[in-house]
Amino acid sequence: MSAATRRLTTAQALVRFLAAQYTERDGVRHRLVAGTWGIFGHGNVAGVGQALVEYGDVMPFHQGRSEQAMVHAAVGHARHLNRLSAQAVTTSIGPGATNLVTGAALATVNRLPVLLLTGDYFASHAADPLLQQLEHPSEADVSVNDALRPVSRYFDRINRPEALLASAPRAMRVLADPAETGAVTLALPQDVQAEAFDWPEEFFADRVWRVRRPAPDPEELADAVRALRAARRPLIVAGGGVHHGEAEAALEALVDATGIPVASTQAGKGSLRHDHPADLGGIGHTGTAVADDLARTADLVIGVGTRYSDFTTASGTLFQDPGVRFLNLNITAFDAHKLAARTLVCDARAGLTALTGALSGHRVPSSYEDEYRAGRARWEETVRAALRADDENAVPTQTQVLGALDAVVGDEDVVINAAGSLPGDLHKLWRSRSPRQYHLEYGYSCMGYEIPAALGVQQAAPGVPVWALVGDGTYLMNPTEIVTAVQEELPVKLVLVQNHGYASIGGLSESVGAERFGTDYRHRAADGTFTGAPLPVDLAANAASLGMDVLRAKTVRELREALSTARAATRPTCVYVETAAGDAPGAQAWWDVPVAEVSARDAATGARARYEQAVADRRHHL
């Protein structure tokens, strides 16, 4: 007797399959693909589009306005749910597909799952060349979707319906794998999407992908314990893996037992609550003075779930103790072996719990605890001064905007940012109250991430106040998903900071001798110089035209009132504020941006001299 089958198109079968996939960790089950974002055109409207109509009862659909933004929304959703649930994104052929590349790179760089379902050319070549087809003179099987290969953790082109039987489960394995996850791309030729096939019923059965918590190897654990017991000035660097592994309580238990202080990367901030006595705040180029000072003298650096980006290591200049060694606890072996480290290749929670048990009775010297607690107190004074506004009727500085927001948010609020000058200020100054509050995308530092990511987070956490902090430069990159927020009645809060240009890159430009060229949003004279007059652009009016409620704040007092109103709002709401110039705490560590070796301009020659002095401190940890 033949096995039961169901006759469906390839696209219909894929949607039914995705609706039956689940992850499970610690006994808690999640939908692996919780919904699908889409913009339809030729290449997906008659295939995946028709299937989403057919099975709308089991696969929620979200209408996007920008392909890149849809990926950002899906990534925000996955990050907030600790990678246990993802969303899919479907696009048409051609520019719809290539617009995914930036979002896919962001997802893979940050180790966050997203499923990309891209339209592709006819597998049969029946219509050739197709509208928007890239013709290659010697490789007829190449399509623009091949641009997604280097930024995807898994890629397949489904040229026959039955190919999905093998490829779809492989794609799910990568999405659910904590060590290998990232963007997963299934390129779907439009004729194959619409083609019918007799699918085995087993293909549509519920399938659970268990997310493992691998324990540390006993020998690696013993080696790590020896190193920790021998260290006099150990320092933990908490990365995003602490959050992804839901290991915050395990980290706190280790710190409480041993007294080892914790500094955090952008992805790891909030691993300890800001007022924990061992929390030093951010580390690296955008870090705090206390964290960076301790990093320079640490004899053992324990990286937990971190990639050690150049911002974290200050481009190799931060860890300066002559005998410093590294111990890396990471579920990904690729990251665990960085900086010639001793390794604990395991789940973050499992590894930290094992270390706590094996280190029973061990504690750092009390003089070391006294030292870093005093440094914490000094930095807290810096934070208070930066956030404080003495004149309630003054135009706020950017750090005073953060101070006003700090006074309004609750422990459950989520604050989202990605690029510009805000990440540096937030990393140094923000007081994280809970593990999910601080949501900075800094692996790819992608302008335009914040607004769509806020939608994904709001979908993942209904009822939680979600704030997207954007500057004028970032806003102009990608405001389109405001329309989606209005359409789906997602009450995200947008704090739109107007400082008339690229503040972060302008400061960097000045420091490397490029004299802020091309970084201002101001009128230009005939000779190319800026006249100083701001452009007559009203971003608040733009947000209102897209459907947001907009509150304009001109003073510190008005800002605080507007933020309070926005927090209570049940509709998408924008707080618009033009900021005054102000000095945020400067960089506490260097970052390598090569400067012109020769120049006829004094600004560049002076910057080169400073560069050569700084780069001399770089170390290669071997």
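## Rings, a buried threonine and two cavities

Lys269 lies over the face of Tyr438, 5.5 Å from the centre of the ring. That is a good way into this predicted model, since the notes below keep coming back to aromatic side chains. They also stop at Thr573, which is found in strand β25, and at the two cavities of 30 Å³ or more that turn up in a search of the whole structure.

**Charges over rings**

- Besides Lys269 and Tyr438, you can look at Arg552, whose charged end sits over the ring of Tyr576 at 5.7 Å from its centre.

**Aromatic pairs and a cluster**

- The count of aromatic pairs comes to 11.
- One of them is Trp199 with Phe203, a stacked pair with 5.6 Å from centre to centre and 20° between the planes.
- Both partners are out of the solvent's way in the sense that Trp199 is buried and Phe203 is buried too.
- Trp590 and Tyr611 make another pair, with ring centres 5.7 Å apart; their planes stand at 50°, so this pair is tilted.
- Trp590 lies in the loop between β25 and α24 (602-615), while Tyr611 is in helix α24, so their pairing ties together parts that are 21 residues apart in sequence.
- Tyr611 has a relative accessible area of 12%, and it counts as buried because that value is under the 20% cut-off.
- If you want a group rather than a pair, Phe17, Phe197, Trp199, Phe203 and Phe204 form one aromatic cluster.

**Thr573 and its surroundings**

- Strand β25 covers residues 573-578, and Thr573 belongs to it.
- Is Thr573 buried or exposed? Thr573 is buried, because its relative accessible area of 3% falls under the 20% limit.
- The side chain of Thr573 reaches the backbone oxygen of Arg571, at a distance of 2.8 Å.
- Leaving aside residues up to four places away in sequence, Thr573 touches Val492, Lys493 and Leu494, along with Met548, Asp549, Leu551 and Ala566.

**Cavities**

- How much space lies in the largest cavity? The largest cavity holds about 60 Å³.
- Its lining includes the charged residues Arg25, Arg83 and Asp177.
- Also among the residues that line the largest cavity are Asn82, Leu84, Leu175, Ala176, Pro178, Thr181, Val211 and His244.

Technical notes. Residues numbered from 1 in each chain as written. Predicted model: local features only at pLDDT ≥ 70, side-chain atom pairs only at ≥ 80, totals over all residues. Heavy atoms only, no water. Helix = DSSP H or I, 4+ residues; strand = E, 2+ residues; numbered from the N terminus. Buried < 20%, exposed > 50% of the residue type's maximum accessible area, 1.4 Å probe, protein only. Polar contact = N/O pair within 3.5 Å; in protein donor to acceptor, adjacent residues only side chain to side chain. Contact = heavy atoms within 4.5 Å. Phe/Tyr/Trp six-rings, centres within 6.5 Å; stacked < 30°, edge-to-face > 60°. Lys NZ or Arg CZ within 6 Å of the ring centre and 35° of its normal. 1 Å grid on protein atoms, 1.4 Å probe; cavity = no way out; pocket = protein on both sides within 12 Å on 5 of 7 lines; lining within 4 Å. Points joined across faces, edges and corners; volume = space filled by probe spheres on them.
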